[in-house]
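User: I would like to go through the terms used for this entry and see what each label rests on. Please set the values against the cut-offs.

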Amino acid sequence: MASQCGDGEITADEESPSVVSHHAEAKKEVPWTPQPPFEILNKYASHVKRFRHGRIIRPAPETTAGRSPHQELSADSILELAKMRLLQHTSQRCGDSDSFKYDPHLSSESNKDVELTSCLLNAAEKFANQQFDCAEKLLRRCILLSSHADSPVERVVKFFAEAIHERVDIERGKIDLHKNIFHLEDTLFDYQPAILALEQKLPSAQVTQFTAIQAVLDGVGTARKIHLIDFGIKTGLHWSIMMQGLANRENYPLELLKITAVGTSKDRLDETGRRLSSFAESMNLPFLYKTVVSETKGLKKDSFEFDPDEVVAVYSGLCLWSQLAWPNQLREFLQFVKNLSPCVIVVNEIEASTNTSVFIDRFHGALPFTIATFDCLDTCLKGDTIYRKIVEDVFFRDMIRNIITAEDEERTFRHAKISFWKELFAEFEIVGTELSDSTLYQARLLVKGNAAWDSCTLDMNGNYMLIQSIVTGAKFSDDRSCQRSEERREVMDGSDRTAVTETWLKKHRLLYVGATRHPFLLGIRDGSVDFASFKRWLGQDYIFVRAFVPFIASLLLKAWKESDDDSDVDVILGGMAALNDEIAWFKKEASKWGVALNSVVPQQTNLDYCRFLESLTSPDVDYTLAITAFWVIEAVYQESFAHCLEDGSKTPEELKETCQRWGNDGFGQYCRALQNIANRRLEKASDDVLAKAEVNLLKVLEHEVEFWNMSHGV
Ligand SMILES: Cc1ncc(CO)c(N)n1
């Protein structure tokens, strides 16, 4: 799949002149395959240029000194610079093309983007001041200059300029106030493949999806009958990911997963249902799908089928905003949701400030958020230009047009700030609940684990998670307001403890997947790995393995002193002996690749991991803690490299021996032996040791992800 985004690929965009043909193409079915997060990330790992720049080059807008020649700026920097330009040149007005001074330090593309953006900002101000002639002149210039729409900024400027131009015509009475009726549900459905591509590739969509699912899973706890009510189910992809999580729940087998989807089109809801049902069937998951065909307005509780044994959870993904134009209706809806007595309500909304009747504020609220989104789409849908065009041309163009040209209740596209949502929820005594540590941890790792997401930051605002893109003020928020009917506690009675490690791996599955299916490994598996990265890994892992020796030695000592079973020492000794062989192998392999092991400088990530190992060598550290960490360290490598040898892998010949070293069956058996020891010890451990062992498991997984990141060159 990585080749789909190949840099040199000719995109359909260049071949097809009309949007219509793109749309026809895009309606073709695409496979509906939920994927682990890092697999998705891997697909656009090579398209990080814009984002990287966005991160590294944050120009001080007031000065260009010190920049290297012809820099390309990130979208947020362009917006900042354009604002500065406008402030500095208040005298240049009305599309005077000569007055725009190109910055010799910037690339011509960035210069053009800055010029266009300042022209648009100027036009919007002029329009707001009712200087229609001047606004029109500036807008014409924007439209002309952005006609090729090469960059995301140009495309945004074009859409805004066209919309404001239309608004000028409306104000002058040239055209009627356009009835801007837009059926979001229809659009989303008609262009489902594009929406799927978006859901699978956009960082904000990915993080919100995984975080939302984790929050629902945390909310429903160990319930055996789960009823999910989804307002705005769209493709339903998120639930298929949740099903994967539920299918692995051994201690609390699921009796029924019921999803009730609420929407206005029965056909569309049914189609989503068919997909979800067949997915559930393939996983042997007891599943029931119900629909309630209705607007969100006037929903009746008796349209839903409830079972007294079930636990209800509500999900509202990008759905509440559509009711912002009707605040009373929004309140009625929230009251309705509250009356369903859900154990958790997960809400996901875009945070921006477009819910105001003041035109210029709305414009300034919408512009940065749209630029951030287009920049993101440009990077993440690089290999799917058709989809990107559809999302931009169909969805965002309409959104911009609506925000700019419509007024009052016809202005249906609205976004609010987080403070608004918080206050609104508070009216219904719906209060934000803390996201679990594991949810936050996984969300952070998802963001951290890939360079293409450099631009994305996660922040908490109270108990609301904000996923922020690089443009100041543009926030994709994954706001969740959760209400719990009962405190959930992971109950671990005697019978469950026998499988403590399995329970943990399931609980922290996304993180485990992150550590064992990292883009670096997927690159080995599909043959696209950069050998320079592999060599970096080789040199660094040699240093790590050397630090592993004293760790195992200390573990051997602990086992000898503390273990209740003599065979533990044998298993660990086997590992130690293999390490001797391993060090010899590293030396041989390094000379094969021309890596001078003596001169490899340990990277900070590696040093951090080695220091963690060293901390476990202390006699104060319990044997149970050390053996659990040891098992995780070995198991991650086993699972990672075994995956590179499975059927269908295209691991290059030169790397097969490496994969064999950790991916072979013998190593697998040894890992299981370690896991058994860990389970046996954890079964008898105190709550304190149990808690610490779980934290260590998380730490190891994080160190492993970081180790791959380092090797990968992230
Ligand atoms: C970073 C790392 N983790 C685990 C292993 C397994 O031995 C290794 N060699 N290196």
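**Labels and their grounds**

Analyst: Leaving aside neighbours within four places in sequence, E392 is in contact with R155, F159, F374, L377 and R397. The model is a predicted one.

User: What makes R155 count as being in contact with E392?

Analyst: Contact requires heavy atoms within 4.5 Å. R155 is listed among the contacts of E392. The C-alpha atoms of E392 and R155 are separated by 8.6 Å, and the two residues are 237 residues apart along the chain. The C-alpha value is not the one to test, because the cut-off applies to heavy atoms.

User: Why is E392 called buried?

Analyst: Buried means under 20% relative accessible area. E392 has 0% relative accessibility, so E392 counts as buried. The residue is found in helix α16, residues 385-405.

User: What makes a set of residues a nonpolar core, and which members of the largest one touch the most other members?

Analyst: The members must be buried residues of the listed kinds, Ala, Val, Leu, Ile, Met, Phe, Trp, Tyr and Cys, joined through side-chain atoms within 4.5 Å. The largest nonpolar core has 87 residues, and L120, F160, I164, F231, F363 and L367 touch the most other members. Helix α15 (residues 359-380) gives the largest share of this core, eleven residues. Apart from this core lies another of 72 residues, including L511, W537, I627 and W708.

User: Which residues does F231 contact, beyond its neighbours within four places in sequence?

Analyst: F231 is in contact with V262, T296, L299, V314, Y315, S316, G317, C319, F333, F336, V337 and L340. T296, S316 and G317 are on that contact list, but Thr, Ser and Gly are not among the kinds that a nonpolar core admits, so a contact of F231 need not be a core member.

User: How do you know that the ligand has polar contacts with D541, E634 and Y637?

Analyst: The cut-off for a pair of N or O atoms is 3.5 Å. A ligand nitrogen is 2.6 Å from an N or O atom in the side chain of D541. A ligand oxygen is 2.8 Å from such an atom in the side chain of E634, and a ligand nitrogen is 3.2 Å from one in the side chain of Y637. Each pair therefore meets the cut-off. The protein covers 100% of the 280 Å² of accessible area that the ligand has on its own.

User: How do the residues of the shell around the ligand divide by type?

Analyst: Eight are nonpolar, none polar and three charged. Tyr counts as nonpolar, so Y637 is placed in that class despite its 3.2 Å pair with the ligand. Helix α23 gives the largest share of the shell, four residues.

Terms used:
Residues are numbered from 1 along each chain as its sequence is written. This is a predicted model: local features need pLDDT of at least 70, side-chain atom pairs count only at pLDDT 80 or more; totals for chains, interfaces and linings use all residues. Side-chain values use heavy atoms; hydrogens and water are left out. Buried means under 20% relative accessible area, exposed over 50%, partly exposed in between (1.4 Å probe, protein chains only). Helices (H or I, at least four residues) and strands (E, at least two) are DSSP runs, numbered from the N terminus. A polar contact is a pair of N or O atoms within 3.5 Å; within protein, one must be able to donate a hydrogen and the other to accept it, and residues adjacent in sequence count only if both atoms are side-chain atoms. Accessible areas come from the Shrake-Rupley method with a 1.4 Å probe; for residues, only the protein chains shown count as cover.
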